[in-house]
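Please open the model in your viewer and keep the sequence panel beside it, since the tour below moves from one selection to the next.

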Amino acid sequence: MPLLSQIIFNAHDKDNSGNIDADELKSVAQALRIIDKDNSGHISYDEFKAWWARKDRFQVLKDEQETQEDAQQWGEWLQATTNHFNFFDKDRNGVISREEFTALYQNLSQHYKLPSLMETLKQLDSDNDGVVTLDEYVKWLRQQAH
C-alpha cells in the first residue's frame, strides 16, 4: 500500500511524469517555489516528501492575501526570503542549525539592530528545538517589519 504522501503526490502529478509542475498545481503555485529546493520548476517526489514530513508545512504557505497585487508582492518577498534562508542552509536539510546560524546572524546584523547571537537565536527558534525553520524565519522577519 503506498504512503499517504505518495497518493497525494500522484493525485497532483496528472501526466504521471514523476514531477508536479505549476500547471498541475496552480492553486499553490507559490508553494512550488518553496518546495522546489533545486529550483527546477518541478517538484520531485523526494522534494514533496521532504516538505510533507515537515511539521510546519502549511504554516509557511498561509497569508491573508486580499488582492492579486498583495499576493504577487507576498510571493516575491517569500521567494526572496526562501532564497536567503536556503543560502544559509548549507547542508540543504530545510533548517538552519546552530553552526549555520552564525553566518546568518552576521548577515542580519548588517540590516537589523540585534541582541547577542544566542539571544537572537532564541528569538528565531520559537519552538526551542535547536534549529530555525523557514516558518520561524518568516515569522521573525515579519515581526521585525512591524
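Select Ser-44 to begin, a residue of strand β2, which covers residues 42-44; helices (H or I, at least four residues) and strands (E, at least two) are DSSP runs, numbered from the N terminus. The model is a predicted one, in which local features need pLDDT of at least 70 and side-chain atom pairs count only at pLDDT 80 or more, while totals for chains, interfaces and linings use all residues. Residues are numbered from 1 along each chain as its sequence is written, and side-chain values use heavy atoms, with hydrogens and water left out.

With Ser-44 still selected, note that its relative accessible area is 22%, which makes it partly exposed (buried is under 20%, exposed over 50%, and partly exposed in between, with a 1.4 Å probe and protein chains only). Now add Phe-9, Gly-18 and Asn-19, the residues that Ser-44 contacts once its neighbours within four places in sequence are set aside (contact means heavy atoms within 4.5 Å). A distance drawn between the C-alpha atoms of Ser-44 and Asn-19 should read 4.7 Å, although the two residues are 25 apart along the chain.

Move next to Gln-106 in helix α5, residues 98-108, where the side chain belongs to a partly exposed residue with a relative accessible area of 49%. From its C-alpha atom to that of Leu-117, 11 residues apart along the chain, the separation is 8.6 Å.

Which residue forms a salt bridge with Asp-135? Select Lys-139, whose closest N atom lies 3.3 Å from the O atom of Asp-135 (a salt bridge is a side-chain nitrogen of Lys or Arg within 4 Å of a carboxyl oxygen of Asp or Glu). The structure holds one salt bridge, and both partners sit in helix α7 (residues 134-145), four residues apart, or about one turn of the helix. Lys-139 is partly exposed at 41% relative accessible area, whereas Asp-135 counts as buried at 6%.

Finish at the largest pocket by selecting Lys-37, Ala-50, Arg-54, Asn-93 and Gly-94, which lie nearest its centre among the 14 lining residues. A pocket is an open set of points on a 1 Å grid over the protein atoms alone, where a 1.4 Å probe fits, with protein on both sides within 12 Å along at least five of seven lines, and lining residues have an atom within 4 Å of a point. Helices α2 (29-35) and α3 (45-53) are the elements that give two or more residues to this lining, and α3 supplies the largest share, three residues.
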